[in-house]
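Trainee: Hey, can you walk me through this one? I'm new to reading structures, so keep it plain.

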Amino acid sequence: MTTVRRFAVCVVAVACAFGGCAAMPTYQEMPIAAAKSNTQASEDIVIAMIMAEADADPERRPLGSLLSCRGDRNYRWAGGTDIVRTGGAEMSEIADAMAAAADLLRGWRASREASAFDAPRVVIRADDSASFVVTLDAKENVIRVDSFSPCFHLRDDESPHGYY
Amino acid sequence: MWKGDKFPGEDAYEGTADLLRIYEANDEELALRKGREIEAFQRGLLAATRGTGADYNAIGFSWGLAGIAAAEVAGARFHTIVSLAGAGMPGSWEPQPDTRYEHFSYRDALGAAQGLGLVWNSRDPGDDPAFTSHVYEHEGDFTMLLPTGIPPTGLGNSGGEVVELQLNSDPIDAHNLIASNDPANQRILDDVKAALQ
């Protein structure tokens, strides 16, 4: 009988070949407000997909923050919406349906996953590198949408510190 | 956050890691010394927060887990210990019956070394039954099946076996990702939060 042994090896040479040694990226300059509004516009689509399956009460977090990207003064805006489910489909059904719907959108790729503790989860990545992580907590009846803009270069007259 | 003195391979002037001194990460005495310092730090926290009903949790990234496990050897106690791609535990470490142990990782460079038995004499959180292990898929993952009789490392591969290699095309970035705020790591951040609730 064939035995399968599991190993992992470090292939540093391959790492360089696959981009680990790539040059620092450059990003388009953008006002923070534009990064936020663009991301929230896409987030609205995610929320609509959830609301199509569930009776729910969404509450957008009014402020987000900036997370650093590679390179000098490169950031992404991060924010999100918390949705209390009041009825409709079960959480796993909502996750299945919205993952399928998101995957049909041009420029979006969705994967249906589960958390380490078996909560349904959907991860959406857009071609422009915006991304959305949707975690559905059946115990608390809360759906958490975490949204991230693409990386952008921060204007000289704006600060990365604070909440936006 | 606790960070006391230099960590293995750390340049004293620049604060950067010198990969040529990576062997220091396997120095058990160094970990036990850090463990005693962390235990003393926890005693200070206990004195400051006694009676508040606070939970005492510890999260160790990479070698940091060795320091936390060593702190348990020194007498520290935690409600939950989270390993973020944790390196390993000292030989004298024993899991505590009232502590929850969770291990999170990607397929990364450290996991590669652990798979080859090169880290902490194979006493690592991904294999220790005290830890519940969660290994996440990530962009760049791939699996390579090597045919029988071609040992990739020369370590213990006998004839008649197929070796399944769990790889990532960027093993260093995959290791560092788990301690980052990158959106690709949001899944693990959410799960760590759930583990601590």
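Mentor: Sure, one term to start with: two strands pair if DSSP finds at least two bridges between them. Helices (H or I, at least four residues) and strands (E, at least two) are themselves DSSP runs, numbered from the N terminus.

Trainee: OK. In which sense do strand 1 and strand 2 of chain B pair?

Mentor: Strand 1 (residues 57-61) and strand 2 of chain B run parallel, with 5 bridges. One of the matches is B:Asn57 with B:Thr80 in strand 2. To get from strand 1 of chain B to strand 2 of chain B, the chain passes through helix 2 (residues 64-73), and this β-α-β crossover is right-handed. Right-handed means that, with the strands pointing away from the viewer, the path from the first strand over the helix to the second runs clockwise.

Trainee: Before we go on, is this predicted or experimental, and how are things numbered?

Mentor: This is a predicted model, where local features need pLDDT of at least 70, side-chain atom pairs count only at pLDDT 80 or more, and totals for chains, interfaces and linings use all residues. Residues are numbered from 1 along each chain as its sequence is written, chains are lettered from A and ligands numbered from 1 in the order in which they are written, and side-chain values use heavy atoms, leaving out hydrogens and water.

Trainee: Back to chain B. Why is strand 2 of chain B said to be largely enclosed?

Mentor: Because 5 of the 5 residues of strand 2 (residues 80-84) of chain B are buried. Buried means under 20% relative accessible area, exposed over 50%, and partly exposed in between (1.4 Å probe, protein chains only).

Trainee: Which way do the residues of strand 2 of chain B point?

Mentor: B:Thr80, B:Val82 and B:Leu84 point one way, B:Ile81 and B:Ser83 point the other way, and all are buried. In a regular strand, side chains alternate between the two faces of the sheet.

Trainee: What about strand 3 of chain B?

Mentor: Strand 3 (residues 100-106) of chain B pairs with strand 2 of chain B in the parallel sense, over 5 bridges. There, B:Val82 sits opposite B:Glu102.

Trainee: And what covers helix 2 of chain B?

Mentor: The cover over its buried residues includes helix 1, strand 1, strand 2, strand 3 and strand 4 (131-136) of chain B. Helix 2 of chain B is largely enclosed because 9 of its 10 residues are buried, including B:Ile68 and B:Glu72. Just after helix 2 of chain B comes B:Gly75, with a positive phi of about 115°.

Trainee: Is B:Lys34 buried or exposed?

Mentor: B:Lys34 counts as buried, at 4% relative accessibility. B:Lys34 belongs to helix 1 (residues 28-49) of chain B. Beyond its neighbours within four places in sequence, B:Lys34 is in contact (heavy atoms within 4.5 Å) with B:Trp2, B:Gly4, B:Asp5, B:Lys6, B:Phe7 and B:Trp63.

Trainee: New topic! How many aromatic pairs are there?

Mentor: Over all chains, the structure holds 6 aromatic pairs. In one of them, B:Trp93 and B:Tyr101 meet edge-to-face, 5.6 Å centre to centre with 90° between the planes. For the term: rings of Phe, Tyr and Trp (its six-membered ring) pair if their centres lie within 6.5 Å; planes under 30 degrees apart count as stacked, over 60 as edge-to-face and the rest as tilted. Both B:Trp93 and B:Tyr101 are buried, and ring pairs link them with B:Phe131 into a cluster.

Trainee: Now chain A. How many helices and strands?

Mentor: Chain A has 3 helices and 10 strands. Of its 164 residues, 41% count as buried.

Trainee: Which strands does strand 8 of chain A pair with?

Mentor: Strand 7 (residues 120-126) of chain A is joined to strand 8 by 5 bridges, antiparallel, and A:Arg125 stands opposite A:Ser131. Strand 8 of chain A also pairs with strand 9 (residues 142-148) in the antiparallel sense, over 7 bridges; A:Leu136 has A:Ile143 as its bridge partner there. Strand 8 (residues 131-137) of chain A is largely enclosed, because 6 of its 7 residues are buried.

Trainee: Where does pLDDT stay under 50 in chain A?

Mentor: Over residues 1-21 of chain A. pLDDT is the predictor's confidence in each residue, from 0 to 100. Where pLDDT is low, the predicted coordinates should not be read in detail. Chain A averages 87, and 86% of the residues score at least 70.
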